[in-house]
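Please open the structure in the viewer and keep the sequence panel visible. The tour proceeds by selections, each followed by a description of what is found there.

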Amino acid sequence: MRRLRSILSALGLAVALLGIFWMLQGIGIIRWPSSSFMIGDSVWVTVGSAVSVVGLFLILLGRRLR
């Protein structure tokens, strides 16, 4: 269980950071070239927030394991 707890926490952190990265791109703090695949800012804010919530859920799930 201890190993699963650390795996879930690490995975949750990685997913939450990825979601935050996408939200920052959607807000306009991070700019990509116009030829990038990340076009459509409002879509990336929505996807990033959903991914961040999943990551935070994984972190909380890992902390609840004994």
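Begin with the protein chain as a whole: of its contacts with a separation of 6 or more, 63% are between residues 24 or more positions apart. The model is a predicted one. Colour the chain by secondary structure, and two helices and zero strands appear. A surface display shows about 4900 Å² exposed, with 71% of that area supplied by carbon and sulfur atoms. Of the 66 residues in the chain, 24% count as buried.

**First selection: helix H1**

Select residues 2–27, which form helix H1. How far apart are the end C-alpha atoms of H1? They are 37 Å apart, which agrees with the 38 Å that 26 residues should span at 1.5 Å a residue. Next, highlight the buried residues of H1, namely Leu 8, Gly 12, Ala 16, Gly 19, Trp 22, Gln 25 and Gly 26. Then move just past the helix: H1 is followed by Gly 28, which has a positive phi, near 115°.

**Second selection: a patch on the surface**

Select Leu 13, Leu 17 and Ile 20, and show their surface. Together these residues make a nonpolar surface patch of about 280 Å². Leu 13 belongs to helix H1. Is Leu 13 buried or partly exposed? Its relative accessible area is 48%, and Leu 13 is therefore classed as partly exposed, because that class lies between the 20% limit for buried and the 50% limit for exposed.

**Third selection: Ser 52 and its surroundings**

Turn now to helix H2, which covers residues 41–64, and select Ser 52, a residue of that helix. Ser 52 counts as buried because its relative accessibility is 8%, and buried means under 20%. Which residues does Ser 52 touch, leaving aside those up to four places away in sequence? They are Ala 16, Gly 19, Ile 20 and Met 23. Two of these names have already been met: Ala 16 and Gly 19 are among the buried residues of H1. Ile 20, for its part, is one of the residues that make the nonpolar patch.

**Final selection: Arg 64 and Arg 5**

Select Arg 64, which lies in helix H2. With a relative accessibility of 72%, Arg 64 counts as exposed. Add Arg 5 to the selection and display the distance between the two C-alpha atoms. Although Arg 64 and Arg 5 are 59 residues apart along the chain, their C-alpha atoms are separated by 8.3 Å.

How values were computed. Residues are numbered from 1 along each chain as its sequence is written. This is a predicted model: local features need pLDDT of at least 70, side-chain atom pairs count only at pLDDT 80 or more; totals for chains, interfaces and linings use all residues. Side-chain values use heavy atoms; hydrogens and water are left out. Patches are made of residues with over 30% relative accessible area and no salt bridge: like charges are joined within 9 Å, nonpolar side chains (Val, Leu, Ile, Met, Phe, Trp, Tyr) within 5 Å. Accessible areas come from the Shrake-Rupley method with a 1.4 Å probe; for residues, only the protein chains shown count as cover. A salt bridge is a side-chain nitrogen of Lys or Arg within 4 Å of a carboxyl oxygen of Asp or Glu. Helices (H or I, at least four residues) and strands (E, at least two) are DSSP runs, numbered from the N terminus. Buried means under 20% relative accessible area, exposed over 50%, partly exposed in between (1.4 Å probe, protein chains only). Contact means heavy atoms within 4.5 Å. The expected span of a helix is 1.5 Å times one less than its number of residues.
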